[in-house]
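Thanks for coming. I have one structure to show today, and I will take it from the whole chain down to single residues. Here it is.

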Amino acid sequence: MTVRIGLVGAGRIGAMHAANLAALRTPEGAPAVRLSITDAVPEQAAAVAARTGAAPRPTVRALLDDGVDGLVVATGTASHPELIRAGLQAGLPVFCEKPVALSVEEAMPLLDEIERVQGVVQIGHQRRFDPGYVRARELHASGALGWLHTVRAVTGDMTPPPVEFLATSGGLFRDCSVHDVDVLRWITGREVTEVYARGSNRGDPRIGEVGDVDTALAVLTLDDGTVATVAATRYNGAGHDVRLELQGSQGSVAVGMDEHMAVRSAEPGVGFPAGPPHTTFHDRFAEAYRREMAAFVQVLRGEIPSPCTARDAVAASRVADAAQRSLETGAAVRVEPLEAAPGAGRAAGRR
C-alpha cells in the first residue's frame, strides 16, 4: 500500500505538497508515501526533508534512481517541460504544477509526446478538489440548476505578490484567472469561444511598469451561448476572496459563500459571515491541496485517471492568453479549439 514519490522543488508549494504527502496514511495507519526530495538549493531540500521524514537527494537523476513510483514537480515554470519529459522517459506518472510550459506553443509538442507514449500526467489545478466546486459541478450535472444563463468567477488576492514575481508571471489572467477558467470549463463542460477583457492599475505603479495590471475583468462567451465573467484583483484588502456563482433557469448556487468569505453584508442586522476571512490561497484551499495529493497517489496506483490532464491545463491557458491579448489590444479575441492551435499534431484532436 505504500508508494514511493519523488518531489522536485522544495519552495513554498513544494514544501506544502511534501507535508500533505507525508500525512497520508494507509487503512492500517502506516505512512502511505515514502518521499524523496531534491531542490536546486540543497539546504532547502534538506530542511523540508527533516520536517517531513523524507530523504533528501542531490539531483533529479539521483531522485529518479531511488526507484520512485511517481514524480511531483513543484519548480519554476521554465523547467516544467524538461521534468515532465524526465518522468515520462522513466515511465512514471507525473504531477506538475501549472502551467505545463511557459507558453501554449511550447506546450503543444509536449501534449503530443504525452499522448504518443500514453503517459499519465496530472496538472495542479487544485480547485477541482475543493468541496464547494465539486458540489457545484454535481448540482449542474444533475440538472438541478436548469440551463445556465450566467456564470461569475472572482479571485481576489488580499495583497499583491512581489513585483519581481509579477514581472515574470505572464500577467494577471495567466497567473491567477487561469484557475477560474479551468473550473469554469470543468464544471460546465463547455469551451470558451470568445474573450473580451479590461484592466486597471490603481495600486503600486511598479505593477504597471512591469507590464501587468492589478485588477481585471474578462467577459467570456461559451460555445452554448452562456455568458461568464472572470474578475481578479491583487488588492482585496478584506481578505483572500475566491468565489463562483452559477445562475440557472431553475436554481442558483455559489461556491465560497461560507463563514470565511471575505465579504460583509450591508443589510442591517445581518451578521453573516461571522468567521475571520481567509488571507492566503493556501489557507483558502488547504483541503483542496490535501485532496489533490491524495488523488495523485490514486493516479499512480492506477485506481483513477488523471483528474486534470495536461490537455485540460493547456486549454485553460489558451483562454488566459486570449484574455491577455484582449487586454493589450482592446478588442474581443476569438478562441479557436485546441486541436486547431499551431503545432497541434494528429493526437491533439483526441479527448
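I will start with the overall picture, then go through two sets of strands, and end with three places in loops.

Please keep in mind throughout that this is a predicted model.

First, the chain as a whole. The protein chain has twelve helices and 13 strands. Its C-alpha atoms fill a box of roughly 55 × 50 × 45 Å along the principal axes. For 351 residues, a compact globule would have a radius of gyration near 20 Å, and the chain has 20 Å, so the two agree. Of the 351 residues, 50% count as buried.

What share of the contacts with a separation of 6 or more comes from residues 24 or more positions apart? The figure is 70%.

Now the surface and the charges. The accessible surface comes to about 15,500 Å², and 53% of that belongs to carbon and sulfur atoms. There are 35 positive and 42 negative side chains. The centres of these two sets lie 3 Å apart.

Next, the open sheet. Six strands make up this sheet, and the order across it is β3-β2-β1-β4-β5-β6. The pairing is parallel. Which strands stand at the edges? They are β3, residues 55-56, and β6; each has a single partner strand, so one side of each is left without a neighbour in the sheet.

Let us look further in, at β4. Strand β1, residues 3-8, is joined to β4, residues 70-73, by four bridges, and the two run parallel. You can find the register from two pairs: Ile5 is opposite Gly70 in β4, and Gly6 is opposite Leu71 in β4. β4 is also joined to β5, by three bridges, again in parallel. On that side, Val73 stands opposite Cys96 in β5.

Are the faces of β4 covered or uncovered? Both are covered. Gly70 and Val72 lie on one side, Leu71 and Val73 on the other, and all four are buried.

As background, side chains in a regular strand alternate between the two faces of the sheet.

With that in mind, turn to β9, residues 215-222. This strand has one covered face, made up of Ala216, Ala218, Leu220 and Leu222. The uncovered face has Thr215, Leu217, Val219 and Thr221. So β9 has one face of each kind, whereas β4 is covered on both.

β9 has pairing strands to describe as well. With β8, residues 192-200, it pairs in the antiparallel sense over eight bridges. One pair to look for is Tyr196, which stands opposite Val219 in β9. With β10, residues 227-233, β9 shares seven bridges, also antiparallel. There, Thr215 has Thr233 of β10 as its bridge partner. β9 and β10 form a hairpin with four residues between them. In the turn, Gly225 has a positive phi of about 95°.

That brings me to the backbone details in loops. Which residue has a positive phi although it is not a glycine? Gln118 does, with a phi of about 55°. Gln118 is in the loop between α5 and β6, residues 121-124. With a relative accessibility of 71%, Gln118 counts as exposed.

There are also cis peptide bonds to point out. One joins Lys98 and Pro99, with omega about -5°. Pro99 lies in the loop between β5, residues 94-97, and α5, residues 104-116.

Another cis peptide bond joins Phe272 and Pro273, and omega is about -5° here too. Pro273 is in the loop between β12, residues 252-255, and α10, residues 281-284. Is Pro273 buried or exposed? Pro273 is buried, because its relative accessible area is 2%, and the cut-off for buried is under 20%.

What does Pro273 touch, leaving aside its neighbours within four places in sequence? Its contacts are Asp258, Glu259, Met261, Val263 and Arg264. As for distance, Pro273 and Ala288 are 15 residues apart along the chain, and their C-alpha atoms are separated by 21 Å.

To recap the loops: Gln118 is exposed, and Pro273 is buried. That is the end of my talk.

Notes
Residues are numbered from 1 along each chain as its sequence is written. This is a predicted model: local features need pLDDT of at least 70, side-chain atom pairs count only at pLDDT 80 or more; totals for chains, interfaces and linings use all residues. Side-chain values use heavy atoms; hydrogens and water are left out. Buried means under 20% relative accessible area, exposed over 50%, partly exposed in between (1.4 Å probe, protein chains only). The radius of gyration is taken over C-alpha atoms; the globule rule is 2.2 Å times the number of residues to the power 0.38. Contact means heavy atoms within 4.5 Å. Accessible areas come from the Shrake-Rupley method with a 1.4 Å probe; for residues, only the protein chains shown count as cover. Lys and Arg count as positive and Asp and Glu as negative; His and the chain ends are not counted. The place of a charge is taken as NZ of Lys, CZ of Arg, CG of Asp or CD of Glu. Two strands pair if DSSP finds at least two bridges between them.
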